[in-house]
Amino acid sequence: MPVALVRGEECIREGVVIRAGGGTCRVAVAGEVYLCRLRGRLKQGRQIAQNVVAVGDHVRLRTLPPSAADADAEGIIEAVLPRRSRLSRRAARRTGGHIEQVLIANLDQVLAVQSVAEPALQGCLVDRLLVAAARYEVPSVLCLNKVDLEPSVAADPRWDYYRAIGIDVVKTSATTGAGLARLRELLHDRISVLLGASGVGKSSLLNAVQPGLRLRTGEVTGKTGLGRHTTSHTELFPLPDGGFIADSPGLRGFDPWDLAPSRLRDYWPDFQDAAADCRFRTCLHRDEPDCGVKRAVAAGRLPAWRLQAYLDILRDLEDRQREVQPY
Ligand SMILES: Nc1nc2c(ncn2[C@@H]2O[C@H](COP(=O)(O)OP(=O)(O)OP(=O)(O)O)[C@@H](O)[C@H]2O)c(=O)[nH]1
Ligand SMILES: [Mg+2]
Ligand SMILES: [Zn+2]
């Protein structure tokens, strides 16, 4: 519960950031939303993250009396309270990739959304999201949307494979309503974020789960088959039966923050048994001789697409590491 501490006309309260960006934040405090600025002190010092405040952060704010409030601020954020979890990536390349960007704080689960078509399956974006979530010890769910469009892709055995390795899979259609009851169940009383490429139907799913939201959605472009980047902000919405869910802008890629290439193998749970048979304990399952994982793939005990996805992400992590720390 938010704590209110009256100090003259001002009030110190605690709230949750539901939207952040452009130097201001919207903070929900007991059902009311305050437009807030960051206290100058919070912006000083060595920059360790691109954003001082992220959606989902619990903050202490000073609400301004009407005489001091202006069009830009009804309150000032005085402090960001410690986070119990987060999901981060490397900030855009123009910053040199040295900086962490916290996408969302204090979340309970990541919903990695992928559509069966329009746009078609994107090479391992979902796997990157699952790895990043695992890196931050946040549980994840794979949401396969638009199952009305290509039932054959929806029936692909790879989705059962994810289930078998412990990742919950929900197959949905925002159009027909398939799977939405299960999605509502998964969202109940939790703080979740929908992440995925543009056009996969994140905002449509939210509208279907909670029709009152009326979020803007955009048609997938006929020519390229890609989304139009309709959603421009990450925003957290309360769910009527308890819990919060964040919609987010379509991702073009996802570089997990703070994940060394050599550690990627730790977040690939289905390789663990086979990796115990690798000759080298530090085997990356690529060029090393006598690799248990490659043997398992050759024998059909592990699917080749899992190794390929792992190798693609490994190469990208190595490329980014080289860019950030040039030889
Ligand atoms: N056939 C079908 N179309 C869908 C489904 N879900 C969403 N769409 C359509 O897909 C298009 C993109 O949906 P959005 O909800 O805007 O996608 P988004 O993931 O929020 O995209 P960004 O905000 O750009 O990241 C819209 O034209 C939706 O009507 C679905 O389950 N089936
Ligand atoms: Mg959207
Ligand atoms: Zn190996």
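**Helix α2.** I began with helix α2 in this predicted model, and listed its buried residues as L125, V126, D127, R128, L129, L130, V131, A132, A133 and R135. Since ten of the eleven residues of α2 (residues 125–135) are buried, I noted that this helix is largely enclosed by the rest of the structure. I then looked up what covers these buried residues, and found that the cover includes the strands β7 (86–90), β9 (109–115), β10 (140–145) and β12 (191–196), together with the helices α4 (157–164) and α9 (304–324). Past the helix I checked E137, which follows α2 and has a positive phi, near 60 degrees.

**Magnesium ion.** Which protein atoms are donors of the magnesium ion (ligand 2)? I found OG of S203 and OG1 of T231, lying 2.0 to 2.1 Å from the ion. S203 lies in helix α6 (residues 202–209), whereas T231 lies in the loop between α6 and β13 (235–238), so the pair ties together parts that are 28 residues apart in sequence. I also looked up the accessibility of S203, which at 8% relative accessibility counts as buried because the cut-off is under 20%.

**Cavity.** Last I turned to empty space inside the protein, where the count came to one cavity of 30 Å³ or more, and the largest cavity holds about 30 Å³ of space. Its lining, as I wrote it down, is made up of R265, F271, Q272, A275 and H285. Sorted by class, the lining of the largest cavity has two nonpolar residues, two polar residues and one charged residue.

Note on methods: Residues are numbered from 1 along each chain as its sequence is written. Chains are lettered from A and ligands numbered from 1 in the order in which they are written. This is a predicted model: local features need pLDDT of at least 70, side-chain atom pairs count only at pLDDT 80 or more; totals for chains, interfaces and linings use all residues. Side-chain values use heavy atoms; hydrogens and water are left out. On a 1 Å grid over the protein atoms alone, a cavity is a set of points where a 1.4 Å probe fits but cannot get out, and a pocket is an open set with protein on both sides within 12 Å along at least five of seven lines; lining residues have an atom within 4 Å of a point. Grid points are joined across faces, edges and corners, and a volume is the space filled by probe spheres set on the points. Ala, Val, Leu, Ile, Met, Phe, Trp, Tyr, Cys and Pro count as nonpolar, Asp, Glu, Lys and Arg as charged, and the others, Gly among them, as polar. Donors are N, O and S atoms within 2.8 Å of the metal (3.2 Å for Na, K and Ca); water is not among the atoms, so sites may look incomplete. Helices (H or I, at least four residues) and strands (E, at least two) are DSSP runs, numbered from the N terminus. Buried means under 20% relative accessible area, exposed over 50%, partly exposed in between (1.4 Å probe, protein chains only). Contact means heavy atoms within 4.5 Å.
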